[in-house]
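Hi everyone, thanks for coming. I'd like to walk you through a structure today, so have a look at it while I talk.

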Amino acid sequence: HPSLPSPPTMKKPILNTVIVFDFDDTLFPTTKLKEISARTNTIQHKKTEAQTLVSKMTVQEMMEFTNLSWITYSLLTLYISRYSRRNICIVTASSSDWIKKALSLVYGLGYYS
């Protein structure tokens with residue numbers, strides 16, 4: 001896995017700062033997910049939406065999603081340890097349930113589990 005720097009050693013998290021992350025195409029590859037979703041499904045038997053999406057991915061794309069999940073997990077862990085989870089916001093311009101839905105579609109790939 002690629003590595004991020006270790007969080008700075010601190011006695012207390014910084015509590016007077018709010019960190020805002022954009023979900024779409026910053027923390028999560030939304031455009032790529034939509035590109036993969038739009039592909040024709042060659043397998044006709046019934047599958048869940050997540051299984052269908054993964055069946056449309058190349059091995060390379062699966063590896064890239066897995067690697068990105070590790071980087072995102074490491075980044076968020078670093079920021080949470082530094083600023084506290086109460087001071088981290090993840091935003092999207094999409095519908096209120098989009099983040100949960102997007103993550104459910106890649107459930108099982110890397111740290112998206």
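Which residues are linked in a network of salt bridges? Keep that in mind for a moment while I set the scene.

First, a caution: what you see is a predicted model. The protein has 113 residues, and 29% of them count as buried. Its secondary structure comes to four helices and two strands. If you start at the N terminus and walk along, the elements go β-α-α-α-β-α.

Okay, back to my question. The network is made up of Lys32, Glu35, Arg39 and Glu61. As a reminder, side chains of opposite charge can pair when their charged atoms come close. Let's take the links one at a time.

Glu35 pairs with Lys32, and their closest N and O atoms are 3.0 Å apart. Where do these two sit? They are both in helix α1, which covers residues 30-37, and because they are three residues apart there, about one helical turn separates them. Glu35 also has a salt bridge with Arg39, this time with 3.4 Å between the closest N and O atoms.

So are these residues hidden or out in the open? Somewhere in between: Glu35 counts as partly exposed because its relative accessibility is 40%. Lys32 has 27%, so Lys32 is partly exposed too. Arg39 gets that label as well, at 26%.

By the rule used here, the count comes to five salt bridges. One that I'd like you to find is between Glu49 and Lys101, where the closest N and O atoms are 2.9 Å apart. This pair ties together distant parts of the chain: Glu49 belongs to helix α2, residues 49-55, Lys101 belongs to helix α4, and their positions lie 52 residues apart in the numbering. Lys101 is partly exposed, because its relative accessibility is 32%.

Now for some empty space. Rolling a probe the size of a water molecule over the atoms shows where empty space is left. Here, the largest pocket holds about 160 Å³ of space. Which element gives the most to its lining? That's α3, with four residues. Both α3, residues 59-83, and α4, residues 98-105, supply at least two lining residues each.

What kind of residues are they? The lining divides into 10 nonpolar, two polar and no charged residues. Among the residues you can click on are Phe23, Phe28, Leu76, Ile99 and Tyr112, plus Ser69 and Thr72.

Tyr111 is another residue of that lining, and I want to use Tyr111 for a quick look at how the chain folds back. Take Ser74, which is in helix α3. Ser74 and Tyr111 are 37 residues apart in sequence, yet from C-alpha to C-alpha they are 9.7 Å apart in space. Is Ser74 buried or exposed? It's buried, because its relative accessibility is 14% and the cut-off for buried is under 20%.

Last stop, the surface. Val18, Val20 and Val91 form a nonpolar patch there, and together they have about 250 Å² of accessible area. Val18 comes in the segment before β1, the strand at 19-22. With 56% relative accessibility, Val18 counts as exposed, because the cut-off for exposed is over 50%.

If you remember one thing, make it the network we began with, Lys32, Glu35, Arg39 and Glu61 linked by salt bridges. Thanks for listening!

Note on methods
Residues are numbered from 1 along each chain as its sequence is written. This is a predicted model: local features need pLDDT of at least 70, side-chain atom pairs count only at pLDDT 80 or more; totals for chains, interfaces and linings use all residues. Side-chain values use heavy atoms; hydrogens and water are left out. Patches are made of residues with over 30% relative accessible area and no salt bridge: like charges are joined within 9 Å, nonpolar side chains (Val, Leu, Ile, Met, Phe, Trp, Tyr) within 5 Å. Accessible areas come from the Shrake-Rupley method with a 1.4 Å probe; for residues, only the protein chains shown count as cover. A salt bridge is a side-chain nitrogen of Lys or Arg within 4 Å of a carboxyl oxygen of Asp or Glu. Buried means under 20% relative accessible area, exposed over 50%, partly exposed in between (1.4 Å probe, protein chains only). On a 1 Å grid over the protein atoms alone, a cavity is a set of points where a 1.4 Å probe fits but cannot get out, and a pocket is an open set with protein on both sides within 12 Å along at least five of seven lines; lining residues have an atom within 4 Å of a point. Grid points are joined across faces, edges and corners, and a volume is the space filled by probe spheres set on the points. Ala, Val, Leu, Ile, Met, Phe, Trp, Tyr, Cys and Pro count as nonpolar, Asp, Glu, Lys and Arg as charged, and the others, Gly among them, as polar.
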